[in-house]
Amino acid sequence: MTSDLVSVRYLVDDVAAAVEFYTRHLGFAVRSSVLPAFADVVRGNLRLLLSGPASSAGRAMPDGTKPAPGGWNRIHLIVDDIDAEVARLRADGVLFRSDVVTGPGGRQIVFDDPAGNPVELFQPAAR
């Protein structure tokens with residue numbers, strides 16, 4: 001099975017709020033929507049599946065464990081100017097988990113979507 005899209009599933013508390021966040025702040029476009037249970041949004045080759053509590057992905061496991069948003073696994077979005085992106089997002093009220101961190105590969109910062117799922121912006125180091 002092949003596809004031009006890479007899909008990542010995020011569990012969210014409110015699908016409509018997640019769609020608004022990703023389309024408004026990060027340049028995603030709605031691919032499909034079955035509110036309030038599910039929607040998927042795309043940016044380039046990345047397809048983000050936004051699954052709410054009413055979706056099949058949000059159902060409890062056989063042992064009763066309920067899937068929930070959050071954690072530290074995250075989508076990684078490459079940007080040309082991290083300082084400009086951070087300033088733009090802060091002006092829009094987005095709260096960050098960290099400050100910009102510089103490492104050998106470049107600079108990164110992490111923030112949360114409305115459900116608490118992390119998103120990383122990354123500016124590669126100049127080569």
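Trainee: In what order do the four strands of the open sheet that contains strand 1 come?

Mentor: The order is 1-4-3-2, with mixed pairing. Keep in mind that this is a predicted model.

Trainee: What makes strand 1 and strand 2 the edge strands?

Mentor: Strand 1 (6-11) and strand 2 (29-34) each pair on one side only. From one strand to the next, the twist averages 20°.

Trainee: How do you know that strand 1 and strand 4 pair, and in which sense?

Mentor: Two strands pair if DSSP finds at least two bridges between them. Strand 1 and strand 4 (residues 46-51) have six bridges, and the sense is parallel. Along that pairing, Arg 9 has Leu 49 as its bridge partner, and Leu 11 stands opposite Ser 51.

Trainee: What is the sense of the pairing between strand 3 and strand 4?

Mentor: Antiparallel, over six bridges. Ser 51 in strand 4 is the bridge partner of Phe 38. The two strands form a hairpin with two residues between them, and Gly 44 in the turn has a positive phi of about 60°.

Trainee: Why is strand 4 called largely enclosed?

Mentor: Buried means under 20% relative accessible area. Six of the six residues of strand 4 are buried, so the rest of the structure largely encloses this strand.

Trainee: Which residues of strand 4 lie on each side?

Mentor: Leu 46, Leu 48 and Leu 50 are on one side, while Arg 47, Leu 49 and Ser 51 are on the other; with all of these buried, both faces are covered. In a regular strand the side chains alternate between the two faces of the sheet.

Trainee: What makes the peptide bond between Leu 35 and Pro 36 stand apart, and where is Pro 36?

Mentor: The bond that joins Leu 35 and Pro 36 is cis, with omega at about 5°. Pro 36 has its place in the loop between strand 2 and strand 3. Most peptide bonds are trans.

Trainee: Let's turn to the other sheet. In what order do the strands of the open sheet that contains strand 5 come?

Mentor: Four strands run in the order 5-8-7-6, and the pairing is mixed. The edge strands are strand 5 (75-78) and strand 6 (101-103), each pairing on one side only. The twist averages 30° from one strand to the next.

Trainee: How do you know that strand 6 and strand 7 pair?

Mentor: The requirement is at least two bridges, and strand 6 and strand 7 have three, in the antiparallel sense. Val 101, for instance, stands opposite Gln 108 in strand 7.

Trainee: Which strands does helix 1 lie across?

Mentor: Helix 1 (residues 15-26) lies across strand 1, strand 2, strand 3 (38-43) and strand 4, running at about 10° to strand 3. Helix 1 also lies across strand 5, strand 7 and strand 8, running at about 145° to strand 7.

Trainee: Why do the buried residues of helix 2 line one face of the helix?

Mentor: The buried residues of helix 2 (residues 82-91) are Ile 82, Val 86 and Leu 89. Viewed down the helix axis, these residues fall within an arc of 70°, so they line one face. They pack against helix 1, strand 7 (106-112) and strand 8 (118-124).

Trainee: What makes Asp 81 a cap of helix 2?

Mentor: A polar contact is a pair of N or O atoms within 3.5 Å. A side-chain oxygen of Asp 81 lies 3.2 Å from the backbone nitrogen of Asp 83, capping the N-terminal end of helix 2. Just after the helix, Gly 93 takes a positive phi of about 90°.

Trainee: Why is Asn 117 called buried?

Mentor: The cut-off is under 20%, and Asn 117 has 3% relative accessibility, so it counts as buried. Its place is in the loop between strand 7 and strand 8.

Trainee: Which backbone atoms does the side chain of Asn 117 reach?

Mentor: A polar atom of that side chain lies 2.7 Å from the backbone oxygen of Leu 11, and the side chain reaches the backbone nitrogen of Gly 70 at 2.9 Å. Both distances are within 3.5 Å. Among the residues that Asn 117 touches are Tyr 10, Pro 69 and Phe 111.

Trainee: How many helices and strands does the protein chain have, and why is the chain called as compact as a globular protein of its length?

Mentor: There are two helices and eight strands. The radius of gyration is 15 Å, close to the 14 Å that the globule rule gives for 127 residues, so the protein chain is as compact as a globular protein of that length. Buried residues make up 37% of the chain.

Methods:
Residues are numbered from 1 along each chain as its sequence is written. This is a predicted model: local features need pLDDT of at least 70, side-chain atom pairs count only at pLDDT 80 or more; totals for chains, interfaces and linings use all residues. Side-chain values use heavy atoms; hydrogens and water are left out. Axes are lines fitted to C-alpha atoms, for helices over the stretch in contact, and angles run from 0 to 180 degrees between N-to-C directions. Contact means heavy atoms within 4.5 Å. Buried means under 20% relative accessible area, exposed over 50%, partly exposed in between (1.4 Å probe, protein chains only). The arc is that of the directions from the helix axis to the C-beta atoms. A polar contact is a pair of N or O atoms within 3.5 Å; within protein, one must be able to donate a hydrogen and the other to accept it, and residues adjacent in sequence count only if both atoms are side-chain atoms. The radius of gyration is taken over C-alpha atoms; the globule rule is 2.2 Å times the number of residues to the power 0.38. Lists of a residue's contacts leave out its neighbours within four places in sequence.
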